[in-house]
There are 2 protein chains.
Amino acid sequence: MVVTAKDVARAAGVSQATVSYVINANPNQRISEPTRRRVLDAAAALGYAPSAAARALRLGTSDAVLLVLPNIPFGHTVAHIIEQLTDDLEAIGLTLVTRRIREPGQALNAVRQLRPIAVIDVAALTEAEHDEIRRSGIPISSSVLAPTSDVGALTVPQDTIGQLQVEHLAARGHRVLGYAAPQDDRVSEFLRLRLEGVREACLDLGLAQPVVVPVELSADAGAAAVRAWQDGSEPITAICAYNDDVAFALLAGMHRLGLSAPDDFAVIGVDNVPLGALASPPLTTIDQNVELLAARIAAYVQFLLGNGPEPVSNGEDTLTLVVRESA
Amino acid sequence: MVVTAKDVARAAGVSQATVSYVINANPNQRISEPTRRRVLDAAAALGYAPSAAARALRLGTSDAVLLVLPNIPFGHTVAHIIEQLTDDLEAIGLTLVTRRIREPGQALNAVRQLRPIAVIDVAALTEAEHDEIRRSGIPISSSVLAPTSDVGALTVPQDTIGQLQVEHLAARGHRVLGYAAPQDDRVSEFLRLRLEGVREACLDLGLAQPVVVPVELSADAGAAAVRAWQDGSEPITAICAYNDDVAFALLAGMHRLGLSAPDDFAVIGVDNVPLGALASPPLTTIDQNVELLAARIAAYVQFLLGNGPEPVSNGEDTLTLVVRESA
DNA sequence: TTGTACGCGTTATCAT
DNA sequence: ATGATAACGCGTACAA
């Protein structure tokens with residue numbers, strides 16, 4: 001029922017080892033063209049493909065790349081990363097496996113079971129865990145979307161996101177900003193870092209510190225937040241939203257109050273979700289260029305495999321402002 | 001560096017076999033409580049976890065569940081399925097592996113490499129491939145989101161989606177409908193089936209056949225489509241959109257033309273994307289209840305593993321109308 | 001080109 | 001009653 005290398009060897013009239021050499025095009029072995037053909041034909045005829053398990057057992061490492069996620073909501077950006085990374089890794093014969101960490105220690109366990117060839121951490125692991133994984137011989141990548149930007153090569157600096165938002169609004173003449181913060185505790189670290197970037201940029205550019213208001217994902221909440229900014233003592237004219245979802249809530253709330261962006265309040269989001277272009281007005285936002293990030297992660301893994309040059313590290317250059325009409 | 005069962009055995013002063021019995025709580029072997037404790041303590045102290053590869057090799061099947069996708073864009077619904085399924089499977093010790101099929105044959109190859117415990121097909125495989133996989137001893141599930149609903153237990157009937165849209169619009173008094181079709185060839189099969197459901201429902205309810213207009217995902221395209229319906233000879237009052245993304249394009253187009261739903265045209269989407277509630281007006285749509293679908297798939301896999309009762313099959317009951325204001 | 005040892009967890013068989 | 005021994009599965013790499 002299940003075809004093994006032994007079956008192919010028998011069918012081709014060669015040894016198992018020869019089958020392995022042919023299948024893997026082992027450069028250290030010269031197999032004559034006729035034998036090569038016989039093996040390949042037999043393999044095709046029988047429908048043979050090497051068992052990933054046997055390979056992994058022998059090699060000591062699997063074809064898996066482990067993507068470790070914290071328990072955050074699975075928004076457009078994360079989904080897009082997974083999509084891109086799955087494709088990019090598949091193209092080089094690797095398999096993406098995602099694990100969402102809910103309890104500490106889960107990640108280490110997954111690593112020990114899977115023996116992945118690399119671990120990509122999206123802000124789910126502690127430094128101690130990183131060390132532990134590296135010590136176990138797995139070349140772990142640095143933390144994508146890492147809280148701190150000091151760990152390595154593949155970080156998306158969250159503070160820069162906030163800075164870019166403020167810079168754009170300041171360039172448009174806004175002087176007093178609001179900040180729309182999500183309520184979800186699971187993203188509080190991302191929020192903290194983005195807000196930090198906003199605060200720094202305000203300081204640098206001589207703006208007042210932002211008036212932070214929590215916003216849930218509903219038109220009601222959006223309207224309430226807008227009223228809060230209106231009723232406050234500060235003359236707020238523009239709002240940085242934590243992400244596009246929050247920005248949508250603000251736009252919906254403004255619509256309900258008979259207000260509109262950018263005249264009553266300018267609104268800028270983060271993520272460049274596809275629907276942002278279809279909002280009324282179309283949403284100005286910060287794009288994270290997930291395709292490029294995924295490609296760089298894949299290149300990094302290639303490098304770890306010894307099949308590529310030292311890859312470029314990821315940083316601010318994947319972040320770009322997308323100007324539409326809302327700000 | 002890497003901890004094996006042998007290390008644990010040595011540390012606990014027992015044999016490798018005993019370690020295996022304890023770790024897997026093998027019911028055919030009775031291990032005394034003291035030894036059990038020693039083994040467990042040693043395993044914890046050393047940070048032992050069984051190698052997935054060795055396990056898979058020995059058992060002949062891995063912990064992987066293979067989700068096979070066609071080369072379709074990775075929208076909210078697919079992303080959500082992947083998210084839910086990843087979590088649900090992880091909860092029962094299984095690993096979701098996703099493969100996107102671009103060339104015929106890729107799926108079979110992946111199956112032979114991975115030896116997954118189950119294969120979930122999202123409309124990417126032929127019947128011949130299903131048979132081939134089943135013949136190789138893997139209990140393949142039926143096709144989720146299958147073009148045809150005759151293959152098995154876990155189908156999302158696309159035609160019913162169209163029917164539900166029409167039934168709602170008809171109940172609101174609409175008699176002549178437009179249908180907004182996406183341009184992407186990769187979803188043409190889904191489009192065909194949904195449209196088929198729309199046509200049948202129109203027939204059943206005595207409505208005119210829908211006026212189908214292609215719509216790309218931009219406000220321009222949405223406006224053009226709306227004008228096409230306005231300029232046509234039919235007195236169209238409501239529009240079924242292929243999905244919520246298309247519906248957003250229509251709403252954006254209408255907004256640009258100074259029109260609004262539901263008064264000028266009622267609009268109903270499909271998918272219940274989170275941002276639908278924040279559209280202006282909030283989007284009426286068909287929810288696919290992806291959580292339940294994922295749970296049923298997981299239950300089905302459990303059943304395949306012999307750890308659960310015959311699971312319920314998926315069908316129309318996961319589809320529900322979500323009435324908001326756009327229709 | 002081939003023979004063969006190896007990696008590691010599982011389980012049937014055997015020993016105490 | 002408890003636990004140990006050993007065979008097994010399959011692809012890889014080194015020595016022959």
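Student: How do the residues of the surface near DNA strand C divide by class?

Tutor: They split into 11 nonpolar, 10 polar and four charged. Here nonpolar means Ala, Val, Leu, Ile, Met, Phe, Trp, Tyr, Cys and Pro, charged means Asp, Glu, Lys and Arg, and polar means the others, Gly among them. This is a predicted model, where local features need pLDDT of at least 70, side-chain atom pairs count only at pLDDT 80 or more, and totals for chains, interfaces and linings use all residues; side-chain values use heavy atoms, with hydrogens and water left out. Residues are numbered from 1 along each chain as its sequence is written, while chains are lettered from A and ligands numbered from 1 in the order in which they are written.

Student: What makes a residue count as near strand C?

Tutor: One of its heavy atoms has to lie within 4 Å of the strand. 25 residues surround DNA strand C, with Thr18(A), Gln29(A), Ser32(A), Tyr21(B) and Arg58(B) the closest. On the DNA side, 56% of the strand C atoms within 4 Å of the protein belong to sugar or phosphate, and the rest to bases.

Student: Why is the pairing of Thr18(A) with a phosphate oxygen of DNA strand C called a polar contact?

Tutor: A polar contact is a pair of N or O atoms within 3.5 Å (within protein, one must be able to donate a hydrogen and the other to accept it, and residues adjacent in sequence count only if both atoms are side-chain atoms). The Thr18(A) side chain puts an N or O atom 2.3 Å from that phosphate oxygen, so the pair qualifies. Ser32(A) does likewise with its side chain, at 2.5 Å from a phosphate oxygen of strand C. Ser15(A) uses a backbone N or O atom, 3.2 Å from a phosphate oxygen of strand C.

Student: And what does Arg58(A) touch on DNA strand D?

Tutor: A base oxygen, 2.5 Å from an N or O atom of the Arg58(A) side chain. Tyr21(B) also goes for a base: its side chain has an N or O atom 3.4 Å from a base nitrogen of strand D, so that pair still makes the cut-off. By contrast, Ser20(A) has a polar side-chain atom 3.0 Å from a phosphate oxygen of strand D.

Student: Which element gives the largest share of the surface near DNA strand D?

Tutor: Helix 2 of chain A, with five residues. Helices (H or I, at least four residues) and strands (E, at least two) are DSSP runs, numbered from the N terminus.

Student: What makes something a cavity, and how many of 30 Å³ or more are there?

Tutor: On a 1 Å grid over the protein atoms alone, a cavity is a set of points where a 1.4 Å probe fits but cannot get out, and its lining residues have an atom within 4 Å of a point. The structure has three of that size. The largest holds about 170 Å³, and its lining has 10 nonpolar, four polar and no charged residues. The second largest has a volume of about 80 Å³.

Student: How do you know that strand 4 and strand 6 of chain A pair?

Tutor: Pairing takes at least two DSSP bridges between the strands. Strand 4 (residues 177-181) and strand 6 run parallel and share four bridges, so they pair. One of the bridges puts Tyr179(A) opposite Cys240(A). Strand 6 is also joined to strand 7 (residues 266-268) of chain A by three bridges, again parallel.

Notes: On a 1 Å grid over the protein atoms alone, a cavity is a set of points where a 1.4 Å probe fits but cannot get out, and a pocket is an open set with protein on both sides within 12 Å along at least five of seven lines; lining residues have an atom within 4 Å of a point. Grid points are joined across faces, edges and corners, and a volume is the space filled by probe spheres set on the points.
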